[in-house]
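This report describes selected local features of one protein model, with the criteria behind each assignment. The structure is shown below.

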Amino acid sequence: MVPPPRFTPLTHVNLSRAAAPRPTATTATATKRSGSPASPSSAIFRQQCCSTSSRALATLSPHNRPSLPQTFSSGPGSQHFHSSIAMSTSMPATHGHSEACCNIPPVVADGYIPKGSYEQHGGLKTYVTGPADATKGIISIFDIFGYFNQTLQGADILATGDAQRQYKLFMPDWFKRNPCPIEWYPPDTEEKQKNLRNWFGQHAPNSVADALPEYVRAVQAANPSIQSWGLIGFCWGGKVTELITSNPSINPFRIAATAHPAMIDPAGAAQIAVPYILLASSEERAETVQAFEQGLQVPHHVETFGDQVHGWMAARADLRDPRVREEYLRGYRTVLKFFEEHWD
(Lines give C-alpha, C1' and ligand atoms only; values in the text may rest on other atoms or scores of the structure.)
Protein backbone atom coordinates (compact mmCIF):
# COMPACT_ATOMS: atom_id res chain seq x y z
CA MET A 1 0.00 0.00 0.00
CA VAL A 2 1.37 3.40 -0.95
CA PRO A 3 1.46 5.67 2.11
CA PRO A 4 -0.30 9.05 1.91
CA PRO A 5 1.87 11.98 0.88
CA ARG A 6 3.41 14.01 3.64
CA PHE A 7 4.22 17.69 3.65
CA THR A 8 6.62 19.67 5.76
CA PRO A 9 4.60 21.25 8.60
CA LEU A 10 4.16 25.00 8.41
CA THR A 11 6.13 26.89 11.02
CA HIS A 12 5.42 30.31 12.47
CA VAL A 13 3.01 31.52 9.85
CA ASN A 14 2.93 35.29 10.19
CA LEU A 15 -0.60 36.52 9.71
CA SER A 16 0.57 39.86 8.41
CA ARG A 17 1.41 38.20 5.11
CA ALA A 18 -2.13 37.16 4.33
CA ALA A 19 -4.35 38.84 6.84
CA ALA A 20 -8.08 38.81 6.26
CA PRO A 21 -9.68 42.21 5.58
CA ARG A 22 -10.79 43.89 8.78
CA PRO A 23 -14.54 44.24 9.29
CA THR A 24 -15.62 47.48 10.88
CA ALA A 25 -16.73 47.37 14.48
CA THR A 26 -20.09 48.98 13.88
CA THR A 27 -21.22 47.82 10.46
CA ALA A 28 -21.55 44.54 8.64
CA THR A 29 -18.85 43.37 6.30
CA ALA A 30 -19.79 42.45 2.78
CA THR A 31 -20.11 38.83 1.85
CA LYS A 32 -16.93 37.58 0.27
CA ARG A 33 -16.41 34.56 -1.91
CA SER A 34 -12.92 33.18 -2.33
CA GLY A 35 -11.68 30.50 -4.67
CA SER A 36 -13.65 28.89 -7.46
CA PRO A 37 -17.08 27.71 -6.29
CA ALA A 38 -18.12 24.20 -7.11
CA SER A 39 -20.99 23.85 -9.55
CA PRO A 40 -24.23 23.16 -7.69
CA SER A 41 -26.15 20.04 -8.57
CA SER A 42 -29.57 20.66 -10.06
CA ALA A 43 -30.87 17.33 -8.82
CA ILE A 44 -29.44 17.01 -5.33
CA PHE A 45 -29.63 19.41 -2.41
CA ARG A 46 -26.79 18.55 -0.06
CA GLN A 47 -27.46 19.03 3.60
CA GLN A 48 -23.80 18.85 4.50
CA CYS A 49 -24.23 17.37 7.93
CA CYS A 50 -24.67 14.07 6.14
CA SER A 51 -22.84 14.52 2.89
CA THR A 52 -19.25 14.48 1.83
CA SER A 53 -17.10 14.64 -1.25
CA SER A 54 -14.53 12.28 -2.66
CA ARG A 55 -11.78 14.79 -1.76
CA ALA A 56 -12.79 14.74 1.87
CA LEU A 57 -13.55 11.06 2.34
CA ALA A 58 -9.88 10.16 2.46
CA THR A 59 -9.44 12.11 5.69
CA LEU A 60 -12.22 10.26 7.49
CA SER A 61 -10.23 7.36 8.87
CA PRO A 62 -9.68 5.95 12.36
CA HIS A 63 -6.07 7.15 12.13
CA ASN A 64 -7.28 10.74 12.43
CA ARG A 65 -9.28 10.09 15.58
CA PRO A 66 -7.26 10.30 18.81
CA SER A 67 -7.56 7.78 21.59
CA LEU A 68 -9.96 8.96 24.30
CA PRO A 69 -10.36 8.05 27.95
CA GLN A 70 -12.81 5.22 28.47
CA THR A 71 -14.98 6.72 31.19
CA PHE A 72 -17.85 8.84 29.90
CA SER A 73 -20.99 9.82 31.76
CA SER A 74 -24.42 9.03 30.42
CA GLY A 75 -27.23 11.51 30.02
CA PRO A 76 -30.88 11.80 29.10
CA GLY A 77 -32.00 11.14 25.55
CA SER A 78 -32.24 13.96 23.06
CA GLN A 79 -35.33 15.44 21.53
CA HIS A 80 -35.81 14.96 17.81
CA PHE A 81 -34.77 17.84 15.57
CA HIS A 82 -36.62 17.75 12.26
CA SER A 83 -34.78 19.01 9.22
CA SER A 84 -34.39 18.22 5.56
CA ILE A 85 -31.25 16.12 5.25
CA ALA A 86 -30.54 14.83 1.75
CA MET A 87 -27.59 12.65 0.89
CA SER A 88 -25.23 13.09 -2.00
CA THR A 89 -26.09 9.43 -2.54
CA SER A 90 -29.82 10.28 -2.74
CA MET A 91 -30.64 9.33 0.84
CA PRO A 92 -34.15 10.60 1.62
CA ALA A 93 -34.75 13.44 4.08
CA THR A 94 -34.61 12.67 7.80
CA HIS A 95 -33.97 14.38 11.16
CA GLY A 96 -32.51 16.57 11.19
CA HIS A 97 -5.30 40.29 16.73
CA SER A 98 -2.52 42.29 15.81
CA GLU A 99 -0.90 41.26 12.54
CA ALA A 100 2.63 41.48 13.92
CA CYS A 101 2.18 39.08 16.82
CA CYS A 102 -0.68 36.76 15.86
CA ASN A 103 1.09 33.63 14.66
CA ILE A 104 -0.59 30.35 13.85
CA PRO A 105 1.23 27.28 15.23
CA PRO A 106 2.56 24.69 12.77
CA VAL A 107 -0.08 22.66 10.97
CA VAL A 108 0.60 18.93 10.91
CA ALA A 109 -0.92 16.81 8.16
CA ASP A 110 -0.63 13.45 9.94
CA GLY A 111 -0.04 12.30 13.50
CA TYR A 112 -0.94 15.56 15.23
CA ILE A 113 -0.33 15.50 18.99
CA PRO A 114 -2.95 17.62 20.78
CA LYS A 115 -1.60 20.28 23.15
CA GLY A 116 -4.44 20.05 25.64
CA SER A 117 -5.87 17.40 27.95
CA TYR A 118 -9.20 15.85 28.88
CA GLU A 119 -11.12 16.97 31.95
CA GLN A 120 -14.60 16.42 33.33
CA HIS A 121 -16.94 19.44 33.26
CA GLY A 122 -20.69 19.50 33.65
CA GLY A 123 -20.83 15.70 33.50
CA LEU A 124 -19.09 15.64 30.10
CA LYS A 125 -15.62 14.61 29.10
CA THR A 126 -14.06 17.80 27.73
CA TYR A 127 -10.96 18.59 25.71
CA VAL A 128 -9.31 21.63 27.34
CA THR A 129 -6.51 23.70 25.81
CA GLY A 130 -5.03 27.14 26.40
CA PRO A 131 -3.49 29.08 29.30
CA ALA A 132 -4.81 28.44 32.81
CA ASP A 133 -4.98 32.16 33.60
CA ALA A 134 -6.97 33.18 30.51
CA THR A 135 -9.72 35.74 31.12
CA LYS A 136 -11.73 34.74 28.05
CA GLY A 137 -13.03 31.26 27.33
CA ILE A 138 -14.26 29.59 24.15
CA ILE A 139 -16.71 26.71 23.95
CA SER A 140 -16.15 24.67 20.79
CA ILE A 141 -18.89 22.43 19.37
CA PHE A 142 -17.38 19.85 17.06
CA ASP A 143 -18.95 18.27 13.97
CA ILE A 144 -20.71 14.92 13.86
CA PHE A 145 -17.44 12.98 13.83
CA GLY A 146 -16.38 14.17 17.27
CA TYR A 147 -12.75 14.35 18.37
CA PHE A 148 -10.72 14.23 15.15
CA ASN A 149 -7.14 15.42 15.04
CA GLN A 150 -7.97 18.15 12.54
CA THR A 151 -10.59 19.53 14.92
CA LEU A 152 -8.30 19.29 17.95
CA GLN A 153 -5.51 21.03 16.08
CA GLY A 154 -7.94 23.82 15.22
CA ALA A 155 -8.86 24.10 18.90
CA ASP A 156 -5.20 24.51 19.82
CA ILE A 157 -4.83 27.20 17.14
CA LEU A 158 -7.77 29.15 18.53
CA ALA A 159 -6.43 28.90 22.06
CA THR A 160 -2.89 30.12 21.41
CA GLY A 161 -2.74 31.35 17.81
CA ASP A 162 -2.91 34.99 18.87
CA ALA A 163 0.16 35.71 21.01
CA GLN A 164 -1.44 38.74 22.69
CA ARG A 165 -4.97 37.42 23.12
CA GLN A 166 -4.96 33.81 24.21
CA TYR A 167 -8.07 31.91 25.19
CA LYS A 168 -8.89 28.85 27.21
CA LEU A 169 -10.96 26.54 25.04
CA PHE A 170 -13.35 23.77 26.10
CA MET A 171 -14.67 21.13 23.68
CA PRO A 172 -17.25 18.89 25.40
CA ASP A 173 -18.20 15.46 24.12
CA TRP A 174 -21.91 15.93 23.59
CA PHE A 175 -22.11 12.53 21.91
CA LYS A 176 -20.86 10.71 25.04
CA ARG A 177 -18.44 8.55 23.08
CA ASN A 178 -20.96 7.92 20.34
CA PRO A 179 -19.92 10.10 17.39
CA CYS A 180 -21.14 9.34 13.92
CA PRO A 181 -19.08 6.35 12.73
CA ILE A 182 -16.94 7.13 9.72
CA GLU A 183 -17.72 3.66 8.38
CA TRP A 184 -21.21 4.93 7.46
CA TYR A 185 -19.71 7.17 4.78
CA PRO A 186 -20.46 7.23 1.99
CA PRO A 187 -24.07 6.30 2.91
CA ASP A 188 -24.45 4.09 -0.14
CA THR A 189 -26.54 1.29 1.34
CA GLU A 190 -29.97 1.19 2.96
CA GLU A 191 -28.41 -0.01 6.20
CA LYS A 192 -26.01 2.95 6.36
CA GLN A 193 -28.80 5.39 5.61
CA LYS A 194 -30.98 3.84 8.32
CA ASN A 195 -28.11 4.08 10.79
CA LEU A 196 -27.58 7.75 9.95
CA ARG A 197 -31.26 8.57 10.34
CA ASN A 198 -31.28 6.92 13.77
CA TRP A 199 -28.07 8.66 14.82
CA PHE A 200 -29.34 12.10 13.88
CA GLY A 201 -32.63 11.39 15.62
CA GLN A 202 -30.69 10.77 18.85
CA HIS A 203 -28.44 13.83 18.59
CA ALA A 204 -30.56 16.91 18.16
CA PRO A 205 -28.82 20.30 17.92
CA ASN A 206 -31.60 22.02 19.86
CA SER A 207 -31.13 19.71 22.86
CA VAL A 208 -27.46 20.71 23.03
CA ALA A 209 -28.34 24.39 22.65
CA ASP A 210 -30.71 24.06 25.60
CA ALA A 211 -28.01 22.37 27.70
CA LEU A 212 -25.22 24.84 26.92
CA PRO A 213 -26.03 27.50 29.57
CA GLU A 214 -25.80 24.95 32.38
CA TYR A 215 -22.58 23.56 30.93
CA VAL A 216 -21.06 27.06 30.77
CA ARG A 217 -21.99 27.64 34.41
CA ALA A 218 -20.20 24.43 35.38
CA VAL A 219 -17.05 25.37 33.46
CA GLN A 220 -17.17 28.91 34.84
CA ALA A 221 -17.29 27.60 38.40
CA ALA A 222 -14.12 25.61 37.78
CA ASN A 223 -12.40 28.50 35.98
CA PRO A 224 -13.15 31.70 37.92
CA SER A 225 -10.54 33.74 36.02
CA ILE A 226 -12.66 33.62 32.86
CA GLN A 227 -14.77 36.76 32.60
CA SER A 228 -16.59 36.25 29.30
CA TRP A 229 -17.35 33.50 26.82
CA GLY A 230 -17.21 32.98 23.07
CA LEU A 231 -18.60 30.12 21.00
CA ILE A 232 -17.61 28.34 17.80
CA GLY A 233 -19.44 25.51 16.08
CA PHE A 234 -18.60 23.32 13.09
CA CYS A 235 -21.21 21.77 10.78
CA TRP A 236 -23.73 20.21 13.23
CA GLY A 237 -22.15 22.42 15.91
CA GLY A 238 -22.80 25.43 13.69
CA LYS A 239 -26.52 24.76 14.01
CA VAL A 240 -26.12 24.61 17.79
CA THR A 241 -24.37 27.99 17.62
CA GLU A 242 -27.14 29.52 15.56
CA LEU A 243 -29.85 28.20 17.88
CA ILE A 244 -28.42 29.45 21.16
CA THR A 245 -27.25 32.85 19.93
CA SER A 246 -30.69 33.52 18.44
CA ASN A 247 -32.24 32.96 21.88
CA PRO A 248 -31.06 35.98 23.93
CA SER A 249 -32.93 34.85 27.02
CA ILE A 250 -30.51 31.96 27.58
CA ASN A 251 -27.45 32.88 25.51
CA PRO A 252 -24.33 33.22 27.73
CA PHE A 253 -21.94 34.12 24.90
CA ARG A 254 -20.50 37.53 23.97
CA ILE A 255 -19.40 36.51 20.46
CA ALA A 256 -19.91 33.53 18.15
CA ALA A 257 -18.42 31.85 15.09
CA THR A 258 -19.52 29.08 12.76
CA ALA A 259 -17.59 27.22 10.09
CA HIS A 260 -19.41 25.34 7.32
CA PRO A 261 -22.61 25.35 9.42
CA ALA A 262 -25.38 22.84 8.74
CA MET A 263 -29.09 23.60 8.46
CA ILE A 264 -28.66 27.38 8.14
CA ASP A 265 -31.94 29.14 8.91
CA PRO A 266 -32.07 32.80 7.82
CA ALA A 267 -35.14 33.32 9.99
CA GLY A 268 -33.02 33.13 13.13
CA ALA A 269 -30.40 35.65 12.03
CA ALA A 270 -32.33 38.74 13.11
CA GLN A 271 -32.59 37.37 16.66
CA ILE A 272 -28.82 37.03 17.09
CA ALA A 273 -27.63 39.75 19.46
CA VAL A 274 -23.85 39.18 19.55
CA PRO A 275 -21.10 39.72 16.93
CA TYR A 276 -21.23 36.78 14.55
CA ILE A 277 -18.87 35.31 11.97
CA LEU A 278 -19.93 32.67 9.45
CA LEU A 279 -17.42 30.93 7.18
CA ALA A 280 -19.11 28.85 4.49
CA SER A 281 -17.75 26.26 2.10
CA SER A 282 -18.58 25.75 -1.56
CA GLU A 283 -21.27 23.29 -0.51
CA GLU A 284 -23.49 25.61 1.52
CA ARG A 285 -26.27 27.09 -0.61
CA ALA A 286 -25.16 30.58 -1.63
CA GLU A 287 -28.68 32.02 -1.50
CA THR A 288 -29.19 30.69 2.03
CA VAL A 289 -25.89 32.14 3.24
CA GLN A 290 -26.74 35.48 1.64
CA ALA A 291 -30.22 35.54 3.20
CA PHE A 292 -28.74 34.73 6.61
CA GLU A 293 -26.27 37.60 6.33
CA GLN A 294 -28.98 40.02 5.27
CA GLY A 295 -30.89 39.16 8.43
CA LEU A 296 -27.98 39.83 10.80
CA GLN A 297 -28.34 43.09 12.74
CA VAL A 298 -25.02 42.86 14.60
CA PRO A 299 -21.37 43.34 13.60
CA HIS A 300 -20.61 40.35 11.44
CA HIS A 301 -18.35 38.80 8.86
CA VAL A 302 -19.66 36.34 6.28
CA GLU A 303 -17.32 34.70 3.80
CA THR A 304 -17.48 31.73 1.46
CA PHE A 305 -14.32 29.72 0.88
CA GLY A 306 -15.34 28.84 -2.64
CA ASP A 307 -12.88 26.03 -3.40
CA GLN A 308 -13.22 24.20 -0.07
CA VAL A 309 -15.44 21.24 0.80
CA HIS A 310 -17.87 21.24 3.68
CA GLY A 311 -15.79 20.41 6.76
CA TRP A 312 -12.47 21.90 5.65
CA MET A 313 -11.90 23.41 9.12
CA ALA A 314 -12.78 20.22 11.00
CA ALA A 315 -12.77 16.45 10.46
CA ARG A 316 -12.95 16.61 6.66
CA ALA A 317 -9.83 18.75 6.29
CA ASP A 318 -7.32 16.96 4.08
CA LEU A 319 -4.26 18.72 5.47
CA ARG A 320 -1.98 16.79 3.12
CA ASP A 321 -3.30 19.06 0.35
CA PRO A 322 -1.35 22.36 0.40
CA ARG A 323 -4.38 24.39 -0.74
CA VAL A 324 -6.61 22.91 1.94
CA ARG A 325 -3.93 23.56 4.54
CA GLU A 326 -3.66 27.17 3.41
CA GLU A 327 -7.41 27.76 3.65
CA TYR A 328 -7.66 25.84 6.92
CA LEU A 329 -5.13 28.26 8.38
CA ARG A 330 -6.84 31.27 6.83
CA GLY A 331 -10.17 30.20 8.28
CA TYR A 332 -8.82 30.07 11.83
CA ARG A 333 -6.90 33.29 11.25
CA THR A 334 -10.11 35.01 10.13
CA VAL A 335 -11.95 33.83 13.27
CA LEU A 336 -9.13 35.06 15.52
CA LYS A 337 -9.10 38.47 13.83
CA PHE A 338 -12.87 38.81 14.22
CA PHE A 339 -12.64 37.85 17.90
CA GLU A 340 -9.84 40.39 18.39
CA GLU A 341 -11.87 43.20 16.89
CA HIS A 342 -15.33 42.47 18.27
CA TRP A 343 -14.90 40.74 21.63
CA ASP A 344 -14.66 43.46 24.25
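Ser 282 has a relative accessible area of 14% and is therefore buried (buried means under 20% relative accessible area, exposed over 50% and partly exposed in between, with a 1.4 Å probe and protein chains only). The model is a predicted one, in which local features need pLDDT of at least 70 and side-chain atom pairs count only at pLDDT 80 or more, while totals for chains, interfaces and linings use all residues. Residues are numbered from 1 along each chain as its sequence is written, and side-chain values use heavy atoms, with hydrogens and water left out.

Ser 282 is situated in the loop between β10 and α6; helices (H or I, at least four residues) and strands (E, at least two) are DSSP runs, numbered from the N terminus. Glu 283 belongs to the loop between β10 and α6 as well, and with a relative accessible area of 13% Glu 283 is buried. The side chains of both residues make polar contacts, listed in the table below with that of Lys 239 and that of Asp 321 at the start of α7. A polar contact is a pair of N or O atoms within 3.5 Å; within protein, one must be able to donate a hydrogen and the other to accept it, and residues adjacent in sequence count only if both atoms are side-chain atoms.

| Side chain | Backbone atom | Distance |
|---|---|---|
| Ser 282 | oxygen of Gln 308 | 2.9 Å |
| Glu 283 | nitrogen of His 310 | 2.6 Å |
| Lys 239 | oxygen of Met 263 | 2.9 Å |
| Asp 321 | nitrogen of Arg 323 | within 2.9 Å |

Ser 282 and His 310 are 28 residues apart in sequence, and their C-alpha atoms are 7.0 Å apart in space.

The elements around this loop form a right-handed β-α-β unit made of β10, helix α6 (residues 286-295) and β11. A crossover is right-handed if, with the strands pointing away from the viewer, the path from the first strand over the helix to the second runs clockwise. Strand β10 (residues 276-281) and β11 run parallel and are joined by six bridges, where two strands pair if DSSP finds at least two bridges between them. Ser 281 has Phe 305 of β11 as its bridge partner. In strand β11 (residues 300-305), six of six residues are buried. In a regular strand the side chains alternate between the two faces of the sheet. In β11, His 300, Val 302 and Thr 304 point one way, while His 301, Glu 303 and Phe 305 point the other way.

Two helices allow a check of length against the expected span, which is 1.5 Å times one less than the number of residues. For helix α7 (residues 322-342), the 21 residues should span 30 Å, and the end C-alpha atoms, 30 Å apart, agree with this. Helix α7 is largely enclosed by the rest of the structure, because 17 of its 21 residues are buried. For α3, the 13 residues should span 18 Å, and the end C-alpha atoms are 19 Å apart, which agrees. Buried residues of α3 include Lys 192, Gln 193, Leu 196, Trp 199, Phe 200 and Gly 201.

Two of these α3 residues, Trp 199 and Phe 200, also belong to a cluster linked by ring pairs, together with Tyr 118, Tyr 127, Phe 142, Tyr 147, Phe 175 and Trp 236. The whole structure holds 18 aromatic pairs. The pair of Phe 145 and Phe 148 is edge-to-face, because the ring centres are 6.2 Å apart and the planes meet at 65°. Rings of Phe, Tyr and Trp (its six-membered ring) pair if their centres lie within 6.5 Å; planes under 30 degrees apart count as stacked, over 60 as edge-to-face and the rest as tilted. Phe 145 and Phe 148 are both buried.

Tyr 185 has Arg 316 over its face, at 5.6 Å from the ring centre; a charge sits over a ring if NZ of Lys or CZ of Arg is within 6 Å of the ring centre and within 35 degrees of the ring normal. Tyr 185 is also joined to Pro 186 by a cis peptide bond, with omega about -5°. Pro 186 lies in the loop between β7 (168-172) and α3 (190-202).

Arg 177, in the loop between β7 and α3, is not a glycine yet has a positive phi of about 60°. Arg 177 is partly exposed, at a relative accessible area of 38%. Cys 235, in the loop between β8 (228-234) and α5, likewise has a positive phi, near 55°, but is buried, at 2% relative accessible area. In helix α5 (residues 236-245) lies Lys 239, which counts as buried at 4% relative accessibility.
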